[in-house]
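Me: I'd like a close look at one part of this model, followed strand by strand if possible. Could you keep it to a single connected answer and give the cut-off behind each term?

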Amino acid sequence: MREYADFISYIMGNEFLFQLLLVSLLVVPWQHRRNLFPVRYAVSTAIIILVSSLFNLPLPYYYLIIFAMFFGAVILSFDCKFGEALFVSLNTYCVQFVISNMSYMLYFLFSQPNWQFEMFFAVSVPVFVLSCALFFYFYTLHIRKISNLQFNNITVLFSTAIFLVIAVFITYYMQIWIGNDNNALRIVMRLFSIIFGCTVFFVNILNMRTVTVEEEKKLLCALLNKDKEYYERARISQEKLNTKYHDLKQLVNKGEIDREYLKELDIVRSFFTGNRALDIILTEKAMLCEEENIRLICSVDGKLIEFMKPYHIYSLIGNAIDNAIESLKKIDDADKRELTLNIERRNDMCVISLNNYFEGSLKMKDGLPVTTKLDSDNHGYGIKSIRETVKSYRGELYISARNNMFTIMAVIPVR
């Protein structure tokens, strides 16, 4: 019985800490766990508990120090940006702050003269469990569906953090000023804290901006239009180049220009795949590969994709080759700077596949590779554009990364 009393006393003495850690399970971005996550999360949590237990930190600074350490644990354990980590930490703190004050308010509201303070435990546990269940249903299930969390104004996050700190200090010092005799004032003070905490939480939510399905479709459509423009530019450039080259050949035939000079200019690799659009795209990408000392190996039957619009071919194959070039530029070994493009027919399917070597690890999310570029909010849409193009022809896109070989394969019904 003594052990049970000691346990209750320990929990009551560390109510804030344990509530914060439990609420965090509903808020942290589990889908963005870092490598060695169990070790990172366990170590950071253990450090927070040890600091709380071993050091007699003065209130209310104790709350701020634990909050700062929890923010650090989020950064250490999850692959998220500073703003998202602050958003997660603030929301966790807000929920704990509201639940705690709600428990105290209900306790003061219904407490009887003969109640011992241990009865607070009987009030706070049901309140905590019910609040977390509601929070999970109305918040957690929805927030975890969002893959790209953004904010309208990062300054709002810092402002809400400051307001929350003010609320913590006001609550603490008002509690001392009111004392334990005036129950009505204690209830009002807790109600004020609940309203303040809820306000900060909802301001954070309203400041949140997600890339909705409609916005993403608009962006992909804009990218497709750009691909159309790029294809037209490449087509016009190649036609001009072919015209100039033809004129030079005429001058050579007339003896006005040395034939050896023409050979020096004949550095543009030409493709004759049976598809004019594909020829233009491969010619353009071949020049890029040559600039980066990358070998482009093609085994393609361009007639198989005659049913596709030229700018769709550019969006699909052009983007795939661009991604491969970006990856191969980082490879130092010249023998591995090679990409292979195949377009072939398998039964009633046109199979377009591209393979290239890559180094390091590649994270996959929703069947697509996670971009490693710094501007991850604006990048990553190239591969989505490829997928949307494939889907528009009732095809399927498959991506794999095994044994340092990245493969992107589109399987489209032949029309």
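Reply: Leucine 36 is exposed, with a relative accessible area of 64% (exposed is over 50%, buried under 20%, partly exposed in between, with a 1.4 Å probe and protein chains only). This is a predicted model, where local features need pLDDT of at least 70 and side-chain atom pairs pLDDT 80 or more, while totals for chains, interfaces and linings use all residues. Residues are numbered from 1 along each chain as its sequence is written, and side-chain values use heavy atoms, without hydrogens or water.

Leucine 36 sits in the loop between α2 (15-27) and α3 (helices are DSSP runs of H or I with at least four residues, strands runs of E with at least two, numbered from the N terminus). Its phi is positive, about 60°, although leucine 36 is not a glycine. Asparagine 293 also has a positive phi, near 55°, and is likewise a residue other than glycine. Asparagine 293 counts as exposed because its relative accessibility is 60%. Its place in the chain, the loop between α11 and β3, brings us to the sheet, the part to look at closely.

Five strands make up this open sheet, ordered β3-β4-β5-β9-β8, with mixed pairing (two strands pair if DSSP finds at least two bridges between them). β3 and β8 (396-402) each have a single partner strand, so these edge strands have one side without a neighbour in the sheet. From one strand to the next, the twist averages 10° (axes are lines fitted to C-alpha atoms, for helices over the stretch in contact, and angles between N-to-C directions run from 0 to 180 degrees).

Let's go across from the β3 edge. β3, residues 295-300, runs parallel to β4, residues 338-346, and six bridges join the two. Within this pair, isoleucine 297 of β3 faces threonine 340 of β4. Threonine 340 has a bridge partner in β5 as well, namely asparagine 355. β4 and β5 (residues 349-357) are antiparallel and share eight bridges. The hairpin that they form has two residues between the strands, and asparagine 347 there takes a positive phi near 60°. Next comes β9, residues 405-413, which is antiparallel to β5 and joined to it by nine bridges. In that pairing, serine 353 is opposite methionine 409 of β9.

Helices belong to this picture too. α12 packs on the sheet and touches β4, β5 and β9, its direction making about 15° with that of β5 (contact means heavy atoms within 4.5 Å). Helix α11, residues 276-291, lies across β3 and β4, and runs at about 160° to β3.

Two spots earlier in the chain round this off. Proline 60 is in the loop between α3 (37-54) and α4 (61-77), and the peptide bond leading to proline 60 from leucine 59 is cis, with omega near 0°. Serine 103 belongs to helix α5, residues 82-110. Serine 103 counts as buried because its relative accessibility is 0%. Apart from neighbours within four places in sequence, serine 103 is in contact with Phe120, Val123, Ser124 and Val127.
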